[in-house]
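Biologist: Before we discuss particular terms, please display the sequence together with the model. I should then like to ask how each label is justified.

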Amino acid sequence: MAKIPIKPPRVNINPKIGGFWKQILMIVIGTTISLILTIFTAKLTEGLQRSKDRRLSAMMVMSNIEKFSRNMEEISSYMATSDSISTWLLNKPLEELELMPEEELANLLSQATSLLFLTYDKSAESIFSNNVETWKNMGNVQFIDNVGQCFSAMNMAEKRWNEWVSEVESTMRNIKEYPDNYEGTTIPMKSLRSYKVRHTLSGIHYWRAWLSYMAATMRHHNLNNMKAIGISEKEVMDYTDARIENDNSIGNAPEFSDYYSEPISPDDLSTLHEYDSMIERQKKQ
């Protein structure tokens, strides 16, 4: 009689193996979710920081443009007296001006030709123009293009104005240093008989208007900047006012004259008297 094979039942020697892989799977899923959340949070934080940096960079740039406009307006206002005096001097016959006391005429001429140089803080321009990361972070081609045009116009205006002021100073200084090269009996009259000086006086009104025009032009460009980047004019003005107020809050910069005093007189130093006596004895020998 043939034997019937007996199959022993399968026995799971590790009944917890299913739970083990389940735990592994849960750990992997948890780690993955945690990693995703970490990356998402980091990206979100980085995005917010980039947005803040972009806004701050834009505010600094537009504030500098506004401050430049204010500088030009201040110089234009300062020139109101120069404008009036130069017009008065040009409309007076030289024969009548020659009757004035030399000192008073010289003072009027000095007021008419004393001009301020135009300067502005180029730090924001330097950061914006030379930092590639700032350009990438800005992410607004229209804004970058507009600001580039503003900086170009500002540099042109500064150069053109300061060259003219330097030329005026050179002309007035040349008359004082070489008076014999000019007609007239006094320095003021020599100046007023000079074509260059009269040309300067006649140009003061034009240059004053030019400063106001350039200030308005810069503001017009800046409005386009604000529109392109999505920042209001009020925000830029408030930011600019705060920067100016902060600059003024630390007081005026030191002046050299505050630290300079006349040297001590030799007569007040008794130790030097013996040298005076020594020199006197040598002179008598």
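Modeller: The model shown is predicted. A cluster joined by ring pairs comprises Trp161, Trp164, Tyr206, Trp207 and Trp210. The structure holds six aromatic pairs.

Biologist: Why is the pair of Trp161 and Trp207 called edge-to-face?

Modeller: A pair of aromatic rings is described by the distance of the centres and the angle of the planes. Rings pair if their centres lie within 6.5 Å, and planes over 60 degrees apart count as edge-to-face. The centres of the Trp161 and Trp207 rings are 5.9 Å apart and their planes stand at 65°, so the pair is edge-to-face.

Biologist: What makes this a link between distant parts of the chain?

Modeller: Trp161 lies in helix α7 (residues 141–177) and Trp207 in helix α9 (residues 195–229), with the two positions 46 residues apart.

Biologist: How do you know whether Trp161 is buried or exposed, and what is the verdict for Trp207?

Modeller: Buried means under 20% relative accessible area. Trp161 has a relative accessible area of 0% and is therefore buried. Trp207, at 10% relative accessibility, also counts as buried.

Biologist: Which geometry does the aromatic pair of Trp207 and Trp210 have?

Modeller: Trp207 and Trp210 are 5.2 Å apart, centre to centre, with 75° between the planes, and the pair is edge-to-face. Because these two residues are three residues apart in helix α9, about one helical turn separates them. Trp210 has a relative accessible area of 6%, so Trp210 is buried.

Biologist: Let us turn to Thr171 in helix α7. What makes its side chain a partner of Glu167?

Modeller: A polar contact is a pair of N or O atoms within 3.5 Å. The Thr171 side chain reaches the backbone oxygen of Glu167 at 2.9 Å. With a relative accessible area of 13%, Thr171 is buried.

Biologist: Which residues is Thr171 in contact with, leaving aside its neighbours within four places in sequence?

Modeller: They are Lys196 and Val197.

Biologist: What does the secondary structure of the protein chain come to?

Modeller: The protein chain has 11 helices and zero strands. Of its 285 residues, 29% are buried.

Biologist: What share of the contacts with a separation of 6 or more comes from residues 24 or more positions apart?

Modeller: Such residues account for 80% of those contacts in the protein chain. The accessible surface of the protein chain is about 20000 Å², and 58% of this surface belongs to carbon and sulfur atoms.

Conventions: Residues numbered from 1 in each chain as written. Predicted model: local features only at pLDDT ≥ 70, side-chain atom pairs only at ≥ 80, totals over all residues. Heavy atoms only, no water. Phe/Tyr/Trp six-rings, centres within 6.5 Å; stacked < 30°, edge-to-face > 60°. Helix = DSSP H or I, 4+ residues; strand = E, 2+ residues; numbered from the N terminus. Buried < 20%, exposed > 50% of the residue type's maximum accessible area, 1.4 Å probe, protein only. Contact = heavy atoms within 4.5 Å. Areas by Shrake-Rupley, 256 points an atom, 1.4 Å probe, with all protein chains shown as cover. Polar contact = N/O pair within 3.5 Å; in protein donor to acceptor, adjacent residues only side chain to side chain.
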